[in-house]
Amino acid sequence: MTAGHRITIEKGTEHVRVVHDGQVLAESTRPLLLRETGLPVRYYLPIEDVRTELLTPSDTHTHCPFKGDASYWSLPGAPDLVWTYPDPKPEVAEIKDHVCFYEVEVI
């Protein structure tokens, strides 16, 4: 991390659900909570808890200097709805094999 920028990751126990247009896309009781300076808390869910059969890989890729290169997945009418870091930087290695949605429901 750089001066003034910080990322922490902790195992959560919250029940997290992702619903889009009434369809459950993911549900997990083992999220990782990623806190990053200047950004809202993000819930990274294990890939096994996500209905990946509903998602289509996107051509979008972005680079974060702190986490690495992200790949995105979409739904029809909802481009780049979810992202993952297939090969995250060592400092955030825990998020490998986890995905993140822009909006989640914490139950």
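## Annotated region and overall content

The UniProt record, an unreviewed entry, carries the annotation "domain: DUF427" for residues 16-103. The structure discussed here is a predicted model. Over residues 16-103 the chain is 0% helix and 56% strand, and the C-alpha atoms at the two ends of this stretch are 10 Å apart.

## The open sheet

Seven strands make up an open sheet, in which the pairing is antiparallel and the strands follow the order β1-β4-β5-β9-β8-β7-β6. At its edges lie β1 (7-11) and β6, each of which pairs on one side only, and the twist from one strand to the next averages 35°.

Within this order, β8 and strand β9 (residues 98-101) pair in the antiparallel sense, with three bridges between them. Where the two strands face each other, W83 stands opposite C100 in β9.

## The surroundings of T84

T84 belongs to strand β8, which spans residues 78-84. With a relative accessible area of 11%, T84 is buried, because that value falls under the 20% limit. A polar atom of the T84 side chain lies 2.9 Å from the backbone oxygen of H98.

When neighbours within four places in sequence are left aside, the residues in contact with T84 are D69, A70, S71, H98 and V99. H98 therefore appears in the description of T84 both through its backbone oxygen and in the list of contacts, where the cut-off is heavy atoms within 4.5 Å.

## Salt bridges between strands and loops

A search of the whole structure finds seven salt bridges, and three of the pairs are described here, beginning with E27 and R17. The side chains of E27 and R17 meet with an N to O distance of 3.5 Å. The pair links distant parts of the chain, since E27 is in strand β3 (residues 23-28) and R17 in strand β2 (residues 16-20), ten residues apart. Both residues count as partly exposed, E27 at 34% relative accessibility and R17 at 25%.

A second pair consists of R30 and E48, whose closest N and O atoms are 3.6 Å apart. This salt bridge also links distant parts of the chain, with R30 in the loop between β3 and β4 (32-36) and E48 in the loop between β5 (42-46) and β6 (56-64), 18 residues apart. R30 is partly exposed, with a relative accessible area of 42%, whereas E48 is exposed, with a relative accessible area of 58%.

## A buried pair and a shared network

The side chains of K67 and E36 form a salt bridge with an N to O distance of 2.5 Å. K67 is in the loop between β6 and β7 (68-75) and E36 is in strand β4, so the pair ties together parts of the chain that are 31 residues apart in sequence. K67 is buried at a relative accessible area of 6%, and E36 counts as buried at 8%, because both values are under the 20% limit.

Salt bridges that share partners also join R17, E27 and E105 into one network.

Notes:
Residues are numbered from 1 along each chain as its sequence is written. This is a predicted model: local features need pLDDT of at least 70, side-chain atom pairs count only at pLDDT 80 or more; totals for chains, interfaces and linings use all residues. Side-chain values use heavy atoms; hydrogens and water are left out. A salt bridge is a side-chain nitrogen of Lys or Arg within 4 Å of a carboxyl oxygen of Asp or Glu. Helices (H or I, at least four residues) and strands (E, at least two) are DSSP runs, numbered from the N terminus. Buried means under 20% relative accessible area, exposed over 50%, partly exposed in between (1.4 Å probe, protein chains only). A polar contact is a pair of N or O atoms within 3.5 Å; within protein, one must be able to donate a hydrogen and the other to accept it, and residues adjacent in sequence count only if both atoms are side-chain atoms. Two strands pair if DSSP finds at least two bridges between them. Axes are lines fitted to C-alpha atoms, for helices over the stretch in contact, and angles run from 0 to 180 degrees between N-to-C directions. UniProt positions are given in the numbering used here, feature names are shortened, and annotations may be inferred rather than shown by experiment.
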